[in-house]
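Got the structure open in your viewer? Here is a walk through the fold, from the overall layout down to a single side chain.

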Amino acid sequence: MIIGYVIGDATPQQATILAVKPVRLGLYVTMEYDNEKVLGLITNVTRGSPMIDGNTIDVGIVERLNRFDGKIPHYIKATVKLLYNLNSNSQPDLPPIAGTPVSLAEEEDLRKIFSEGDITLGRLIGTNVPVNIRVGALARHLAILAATGSGKSNTVAVLSQRIADIKGSVLIFDYHGEYYRSDIHPLHNIEPKLNPLYLNPREFATLLEIRGNAPIQYRIIRRAFTEYQKSVQEKIKSGDIDFEKLNQTFIKDLEDLIDDQEGKGAKKDSVDEVKNKLEEFADKYSGIIDLTSKDIISNLKTHSVNVVDISPLDEDAMDAIVSHYLRRILDARKEYRRKGTGLRFPVIIVIEEAHVFLSKNDDTLTKFWASRIAREGRKFGVGLIIVSQRPKGLDENILSQMTNKIILKIVEPSDKKYVLEASDNLSEDLVEQLSSLGVGEALIIGNLVKIPAFVKIDLFNGTLGGTDPDMRREWEKAEEEDKLHESLTDFG
Ligand SMILES: Nc1ncnc2c1ncn2[C@@H]1O[C@H](COP(=O)(O)OP(=O)(O)OP(=O)(O)O)[C@@H](O)[C@H]1O
C-alpha cells in the first residue's frame, strides 16, 4: 500500500517523503528504484500547511481559514532512513529519485530481515513479525540500557530463558534478588561464596587491599597464602582433612604462616601490616568465605539459567564475588581451549546494575575482569551482558566494546548522548526515537540483528522477583495458610 512519494534531494542513507496520510515513527517502508528494493525506517514526521506557516501572526487569518473546514492545504512529510537493499542483501548504495512511490513494508520482506535468528525476543513494533536474534553474536557482548521501569529485567528474563531453551548456559549476578525466585527454568541457584582455595595469590592480595604498590607486603602474603593452599591440597590428597574445621582455622592458620615470614627475612612492621589487613579481610568478607564451597566452574550448568543471588551482600562483597567468578570463568574457558580441561561450554554472563561494578569513576575488582572479558571473551565463548539504567555512569571503554545494544526507553539527554558516543553503530536519528518508546519497547542494534530493529519485547511468561506483587493474591494465600495452620492445630 503506497503511503507516500519521495520528494527533494535524497542520499543513499536518507530520503524525505510526502505522505498521503499520517504515518507513525518507527514504521518500516519499502521503495523500488533502479532495480533495487530498499527497506527504510521512518525516523521523523512533520505536518504543516503553506497557508498557516510558522510566521503566521494573525489568529484571525487562522479562524477565517478554519471556516473553510478542511479545505486548507496541508502536508505530512517524513524522513526515511534507508537501511537495506533487499535485492542485493546489502546497504543501499543509490539514492531514490524524487517521485519514487513508498509503500508500507510487506510482512514477507520484514520476516526475511528480522525473523532469521536463533531465538525470538519479541515482535517488530506495530507488526506481528517475530524478531529473532543471532545467539552467536552475544559473544561480542550486549548492553541492555534503559530508564528505570522500562523493561530491563523482563528483557533479561526473556533472553536468559530462551538461551537456556536452546541448551545454552547463562550466569546472572542477581543484584536485586529478582531472578533466583523467578519462574525461569531450568533455574540453578548458586550460593554467593568465595573459596580461597580457588583464588590466586594476586586476587587474594587484592581482597586484602595489598596492591601492586606494596611489593614487600605482597611478597609476604603471596608466600604465606601459597604455602597455605599447598598444605591444604596435601591434606586433601592424604585424606586427613576436616573441612568443617577448615573454615574455623583458616584465618589463624594463615596468620601463623604470615608470622613465619618474619623468620625468613621479612620485616616485623610489614608482617604486622599484612596481619592487620588479614583481620580487616576477615571482618569484611566473613559472610562469603567458605573453604567447603564448590568452585564456580564445577557449579555452573549448561541448559540452565545459573543465578547468584548477591542481593544480601554489601557492594564490596558483591564486587569480590563477581570479579572472582569472571576471572575463574575466563581462565577455565582458556584452559578448555588449550588443554580440553576447565569449562567445556560457553557462558553468557549477566551483570545487573552494571554502573555499580563498571563505573567510569571507580576501579573495582570487577571492572578489571569485565574489561578483560570485553576484550578477549569472544574468542573463548564468554559473552557479557551489562544491564544499567544509568548508561552515563558506565566505563566508556567497556560500553564501547558492547557491540550489541538493546536500548529501551531513555529520556535523559546526557544518557542518550553518552550511548550515542559509545556506539559506532548507532545514529542520532535512531537515538531520537528512544524517548518515545513505551514500556517493553526497544531498539536493537549490532550483530544480533541484520539492521536496527524497533521491537516490542515479549512479556516474560511467569513471575519475576521485581514485578509488582499481586497483593490481593498474597493476602488470600496468607489467610489460607492461617486457616490450614488452625485446622492442623485443632487436629493435632
Ligand atoms: N515487554 C513487556 N511487555 C509488557 N510489560 C512489560 C514488558 N517489560 C516490562 N514490563 C512491565 O513493566 C514493569 C517494569 O518491568 P521491569 O521490572 O522489567 O523494568 P526494569 O527496567 O527492570 O525496572 P527497574 O529498573 O525498576 O528494575 C513490570 O511490571 C513489567 O511487567
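What follows covers confidence, domains, strands, helices and one tyrosine.

**Confidence and layout**

Keep in mind that this is a predicted model. The protein chain comes out with an average pLDDT of 93, and 99% of its residues score at least 70. For the complex, the predictor reports an ipTM of 0.98 together with a pTM of 0.89.

The domain assignment cuts the protein chain into domain 1 (2-105), domain 2 (130-193 + 295-457) and domain 3 (196-285). Note that domain 2 is written as two segments, 130-193 and 295-457. If you want a sense of spacing, the C-alpha centres of domain 1 and domain 3 are 70 Å apart.

**What the record says**

UniProt, in an unreviewed entry, carries an annotation called "domain: Helicase HerA central" at residues 119-329. Another annotation from an unreviewed UniProt entry, "domain: Helicase HerA-like C-terminal", covers residues 348-444. Here is how the two stretches look in the model:

| Residues | Helix | Strand | Distance between end C-alpha atoms |
|---|---|---|---|
| 119-329 | 49% | 14% | 24 Å |
| 348-444 | 40% | 20% | 18 Å |

**The barrel**

Now for the strands. Six of them form a closed barrel in the order β1-β2-β5-β4-β3-β6, with antiparallel pairing. From one strand to the next, the twist averages 40°. Helix α2 (residues 107-114) packs on the sheet, where it touches β3 (28-33), β4 (36-48) and β5 (75-85). The direction of α2 makes about 105° with that of β4.

Zoom in on one pair from the barrel: β1 (residues 2-7) and β2 (residues 14-19) run antiparallel and are joined by 4 bridges. Ile7, for instance, has Thr16 in β2 as its bridge partner.

**β7 and its two partners**

Strand β7 (residues 119-124) is worth a stop. On one hand, β7 pairs with β8 (residues 130-133) in an antiparallel arrangement with 4 bridges. Ile119 sits opposite Ile133 of β8. The hairpin of β7 and β8 has 5 residues between the strands, and there Gly126 adopts a positive phi near 85°.

On the other hand, β7 also pairs with β17 (residues 453-457), again antiparallel, over 3 bridges. What is the bridge partner of Leu124 in β17? The partner is Val455.

**Helix α13**

Helix α13 spans residues 413-421, and its buried residues are Asp415, Lys416, Tyr418, Val419 and Leu420. That list includes the charged-type names Asp415 and Lys416 alongside Val419 and Leu420. What do the buried residues of α13 pack against? They pack against β9 (142-145), α12 (396-401), β15 (404-407) and α14 (428-431).

**Tyr336**

Last, a single side chain. Tyr336 belongs to helix α9 (residues 315-339). Tyr336 has a relative accessible area of 30%, so it counts as partly exposed. Beyond its neighbours within four places in sequence, Tyr336 is in contact with Thr341, Leu343 and Arg344. His355 is another matter: 19 residues separate Tyr336 and His355 in sequence, and their C-alpha atoms are 31 Å apart in space.

Definitions and conventions:
Residues are numbered from 1 along each chain as its sequence is written. This is a predicted model: local features need pLDDT of at least 70, side-chain atom pairs count only at pLDDT 80 or more; totals for chains, interfaces and linings use all residues. Side-chain values use heavy atoms; hydrogens and water are left out. pLDDT is the predictor's confidence in each residue, from 0 to 100. UniProt positions are given in the numbering used here, feature names are shortened, and annotations may be inferred rather than shown by experiment. Helices (H or I, at least four residues) and strands (E, at least two) are DSSP runs, numbered from the N terminus. Two strands pair if DSSP finds at least two bridges between them. Domain bounds come from an automatic or database domain assignment. Axes are lines fitted to C-alpha atoms, for helices over the stretch in contact, and angles run from 0 to 180 degrees between N-to-C directions. Contact means heavy atoms within 4.5 Å. Buried means under 20% relative accessible area, exposed over 50%, partly exposed in between (1.4 Å probe, protein chains only).
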